[in-house]
Structure formats: C-alpha cells, structure tokens
Amino acid sequence: MGLAAEVLDSLYRACAGLALPRVRALHLPPAPWNGSKDGEFAALELEDGSLGLSYVLLDGTLAALVSGARGAGLVGADALDVARLWAQGRGAERTLGFAAVNALTRHLFDRAGFVPPDATDSIGGLAPQPGEHIGMVGYFPPLVKQVTACGARLTVLELKAELAGRSDGFRMTLDPRELESCDKLLSTSTVLLNDTLDAVLAHCSGARAFAMIGPGASCLPDPLFRRGVTLLGGTWITDAEGFKRALVAGAPWSEHARKSAIAREGYPGIAALLAAAARP
C-alpha cells in the first residue's frame, strides 16, 4: 500500500463512528510568493477551528489555488472526501488533500486531549556526534552548520541537479544510495507531497534515527513510524486567529505557533489515545 493510501486508511479507521467537522475555509499566502518561509504554506480550516498546513510551491500549486479553480466547492465539504485527494487527486488537489489530512489529525489530537511536546531543537533531536555520518533529505541551509559544527560528516540529498557536488564542507548529491552509510537522517516533510519518502527510506535501513521536520509534518504519525521514521516534528498552532491573519498577510507566524516533536518511542498510537479519552 502506498504511503498516502496507508495514512488515509489509518485516518478513516480513527474517524470511524465520529461526527467530524466539515471544511470552513482555505487560507492562502500572498501570491506570487514573497520569498519568505511563511509564504510557502496554505492552511485548510475545519468548522471546529482545526488548521492543517500544506506546502504550496510545488508545480504551480499556489497560482492554481489563488485562481480559485482548485479551491472551488471546498466550503462545507466533507473533510475526509477532501483528504482523499492526497492519494487520488492531481497537482494542487493533492496539496488540498494533504492539508485536510493535517487538519483532521489536529482535530483527532484535540479530541483525544493529546498535545505534542515542544521540539528540543531545529534538527529533530538528532544530536550529531563527531565522526557520525548525517544525511539531510532536502537542503536546509540554516541547519547545515548545526550538523557540521559538531564534527559530523554531512550528505545532502537534493532533486535539483544544479546543486549536486561538494559545497562548503559537506556533500550534495542526487543519488539516494549515498545515504546508505548514514547513522542518522533529517528529512523535509515535502517528501510526503512529492512521493519520494519510500524511495529514500529504502536506502536508510541502517540508520539509527530518521527525523522528519517542517510545518507539513503534522499528519498522523502512526504509518510513518511503521515505515521507519523515528520522529515527526511539525507545527502546533497555538493561536488560530492570529495565525490566519499572519498567513494571509505574508507576515511571520512564529508567535502564533510552536515547533512540536512526536517521537516514535513512547507514542501510543491514535487508537489508544482516542480510546483513553473515551473512557469515563
């Protein structure tokens, strides 16, 4: 079963028998993209206020959503029907589907009374050590020094051919096989949208840790943990109204959210969380 299908299956099972909120609105950043990280994500809002984020800079997605062609009919839609677009849709539809998955995950976590812990750092708690080989899936320029300053060797896997080769004390490559000797890995959550996670994980079976981070890393962790991800570091919105205002204005939204981290070890699973919340 593909990753999107497996996540959706877990979501359907978790939502079975529950009355779910429908879609209230889609909140978009300014277009064209203003060059800021805050302008890279859209938020889908459910009727209970739950927000789910999704990256919008792949393949003209932001322009398609702004045009309205891909967002038509969303208001009042069944959130699970929209979520299904992640697996069955195309282009911007998949982005909407993934945002709905994240919004429904937030709804389920709130329903279960589950609040993810704060992230301890910006690199998924990997704690690089001298001599370790760290893999980075997706180029995170601000995080490179946090790895190399510890004396660890860094290999960055990228899709952009123009970035391949050595650069400033670390290696940039297009070949996922170069991750096979990595002790620990840090991955962007964009792999969930461009369908590259399974291909990457196939070359990381020997790694002791695989952390996925980013605002989009807020879906149900259960299927990802089964595949080998050891930590999911997403964005936990603490002030929904302030967050929405900042997002549509293209302003920083960090004061309205915090970075969270759910570790595979100690996470009981969504079924156990919901069952515990339902007990009298």
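**Notebook: strand S3, rings, cores and backbone**

I began with strand S3, where Leu 51, Leu 53 and Tyr 55 point one way and Gly 52 and Ser 54 the other way, and I noted that all of them are buried. The model I am reading is a predicted one. The two-way pattern is the expected one, because in a regular strand the side chains alternate between the two faces of the sheet. For the strand as a whole, residues 51-55, I recorded that it is mostly covered, with five of its five residues buried.

Next I looked up what S3 pairs with, and found strand S2, residues 41-46, running in the antiparallel sense over five bridges. Which residue of S3 is the bridge partner of Ala 43? I read it as Leu 53. The two strands form a hairpin with four residues between them, and in that turn Gly 49 has a positive phi of about 95 degrees.

**Aromatic rings**

I then went through the rings and found that the structure holds eight aromatic pairs. Phe 225 and Tyr 267 have ring centres 5.6 Å apart and planes at 80 degrees, so I entered this pair as edge-to-face, the angle being over 60. The pair links distant parts of the chain, since Phe 225 lies in helix H8 (residues 222-227) and Tyr 267 in the loop between strand S13 (262-263) and helix H10 (270-278), 42 residues apart. Are these two rings buried or exposed? Phe 225 is buried, with a relative accessible area of 7%, and Tyr 267, at 12% relative accessibility, also counts as buried because the cut-off is under 20%.

The second pair I wrote down is Phe 243 with Trp 253, whose ring centres are 4.8 Å apart and whose planes stand at 50 degrees, so the pair is tilted. Phe 243 lies in helix H9 (residues 240-249) and Trp 253 in the loop between H9 and strand S12 (257-259), so the pair ties together parts that are ten residues apart in sequence. Both Phe 243 and Trp 253 are buried. When I followed the ring pairs further, I found that they link Phe 41, Tyr 55, Phe 243 and Trp 253 into a cluster; Tyr 55 is one of the S3 residues with which I opened these notes.

I also checked for a charge over a ring, and noted that the charged end of Arg 106 sits over the ring of Trp 236, 3.6 Å from its centre.

**Nonpolar cores**

Turning to the interior, I found that the largest nonpolar core has 72 residues, and that those with the most contacts inside it are Leu 11, Phe 109, Leu 192, Leu 197, Met 212, Leu 224 and Phe 243. Helix H5 (residues 92-112) gives the most to this core, with eleven residues. A second, separate core has 19 residues, among them Leu 143, Val 144, Val 156 and Met 172. As background, I added that in soluble globular proteins nonpolar side chains tend to be buried together.

I looked at Phe 109 in more detail. Leaving aside residues up to four places away in sequence, Phe 109 touches Phe 114, Leu 220, Pro 221, Trp 236, Ile 262, Tyr 267, Ile 270 and Leu 273. That list includes Trp 236 and Tyr 267, of which Trp 236 is the ring under Arg 106 and Tyr 267 is the ring paired with Phe 225.

**Cysteines**

How many disulfides does the model hold? The count comes to zero. Cys 15 is in no disulfide, and the nearest cysteine sulfur, that of Cys 219, is 13 Å away. Cys 182 is likewise in no disulfide, with the nearest cysteine sulfur, that of Cys 204, 6.7 Å away, whereas a disulfide would need the two sulfur atoms within 2.5 Å. I noted that Cys 15 is buried at a relative accessible area of 4%, and that Cys 182 is buried at 2%.

**Backbone exceptions**

Most residues other than glycine have a negative phi, and most peptide bonds are trans, so I listed the exceptions. A cis peptide bond joins Ala 31 and Pro 32, with omega about 0 degrees, and Pro 32 is found in the loop between strand S1 (23-27) and S2. Ala 127, although not a glycine, has a positive phi of about 50 degrees; this residue is in the loop between H5 and strand S4 (133-137) and, at 41% relative accessibility, counts as partly exposed. Asp 195 has a positive phi of about 60 degrees, lies in the loop between strand S8 (184-188) and helix H7 (197-201), and is exposed, with a relative accessible area of 56%.

Notes:
Residues are numbered from 1 along each chain as its sequence is written. This is a predicted model: local features need pLDDT of at least 70, side-chain atom pairs count only at pLDDT 80 or more; totals for chains, interfaces and linings use all residues. Side-chain values use heavy atoms; hydrogens and water are left out. Buried means under 20% relative accessible area, exposed over 50%, partly exposed in between (1.4 Å probe, protein chains only). Two strands pair if DSSP finds at least two bridges between them. Rings of Phe, Tyr and Trp (its six-membered ring) pair if their centres lie within 6.5 Å; planes under 30 degrees apart count as stacked, over 60 as edge-to-face and the rest as tilted. A charge sits over a ring if NZ of Lys or CZ of Arg is within 6 Å of the ring centre and within 35 degrees of the ring normal. A nonpolar core is a set of buried Ala, Val, Leu, Ile, Met, Phe, Trp, Tyr and Cys residues joined through side-chain atoms within 4.5 Å. Contact means heavy atoms within 4.5 Å.
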